[in-house]
Amino acid sequence: LEFTKKNFAKQPEAGLLKPVKKRTTPYVPFTPDTAAAKIQASWKAHVATRVFKRILFRSKVGREIVSTEHTYVESIVKTLQTFAIPLRQMVDTGKPLISMEDINIMFSKMEDILVVNKCLLERFTSRISKWHVDQKIGDILLEILSQPIQGLDFRTVYTD
């Protein structure tokens, strides 16, 4: 490129001059057929991108559900191991800090909640490990709500 004033364009935001690139291929106007093909190709690419983003989002949501459920189950287990079990052992050895009645009030449903949520975690993990485009997890929740797990009804564990 020759650096003369006529082959420079002014950039308004920077106030600097930059060389103008010349077209290396000749301009070919679109015919109705080529224009339609170009529009169709652009639309198909747009739709495919949206579908792909939706698939990625759904799989990310599925992994997040499993991660959250795993964290919840771990926190229940740690709470029981750190507080409930030692307090019950103290009562059994005859050196209680608080009464067994108080311990049962504080941790009454925690074991039941752990059983239900471990089951949920196992089912979610199993489903996510075989994840595909049309995979759903709502049926797991409906099954948990409709059938008792080890004699525990999900609805009563959280409402009583």
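**Close-up 1. Length and buried residues of helix α3 in the predicted model.** The 20 residues of α3 should span 28 Å at 1.5 Å a residue, and the C-alpha atoms at the ends of the helix are 28 Å apart, so the expected and modelled spans agree. Along this helix, which covers residues 110-129, the buried positions are Ile-113, Leu-114, Val-116, Asn-117, Cys-119, Leu-120, Leu-121, Phe-124 and Ile-128.

**Close-up 2. Packing of helix α3 against helix α4.** Helix α3 packs with α4, which is formed by residues 138-146, at an angle of about 155°, and the two axes lie 10 Å apart. Because angles over 145 degrees count as roughly antiparallel, α3 and α4 are described as roughly antiparallel to each other, and their crossing is right-handed. On the α3 side the contact is made by Val-116, Cys-119, Leu-120, Arg-123, Phe-124 and Arg-127, while α4 contributes Asp-139, Ile-140, Leu-141, Glu-143 and Ile-144. By class, the residues of this contact comprise seven nonpolar and four charged, with no polar ones. Val-116, Cys-119, Leu-120 and Phe-124, which take part in the contact with α4, are also among the buried residues of α3.

**Close-up 3. Packing of helix α1 against helix α3.** Helix α1, running over residues 32-92, packs with α3 at an angle of about 150°, and their axes are 9 Å apart. This angle makes α1 roughly antiparallel to α3, and the crossing of these two helices is left-handed, whereas that of α3 and α4 is right-handed. The contact of α1 with α3 includes 14 nonpolar residues, together with five polar and five charged ones.

Definitions and conventions:
Residues numbered from 1 in each chain as written. Predicted model: local features only at pLDDT ≥ 70, side-chain atom pairs only at ≥ 80, totals over all residues. Heavy atoms only, no water. Axes fitted to C-alpha atoms, helices over the stretch in contact; angles between N-to-C directions. Helix = DSSP H or I, 4+ residues; strand = E, 2+ residues; numbered from the N terminus. Parallel < 35°, antiparallel > 145°, perpendicular 65-115°, else oblique. Left-handed = near helix turned anticlockwise from the far one by under 90°. Contact = heavy atoms within 4.5 Å. Nonpolar A, V, L, I, M, F, W, Y, C, P; charged D, E, K, R; others polar. Expected span 1.5 Å × (residues − 1). Buried < 20%, exposed > 50% of the residue type's maximum accessible area, 1.4 Å probe, protein only.
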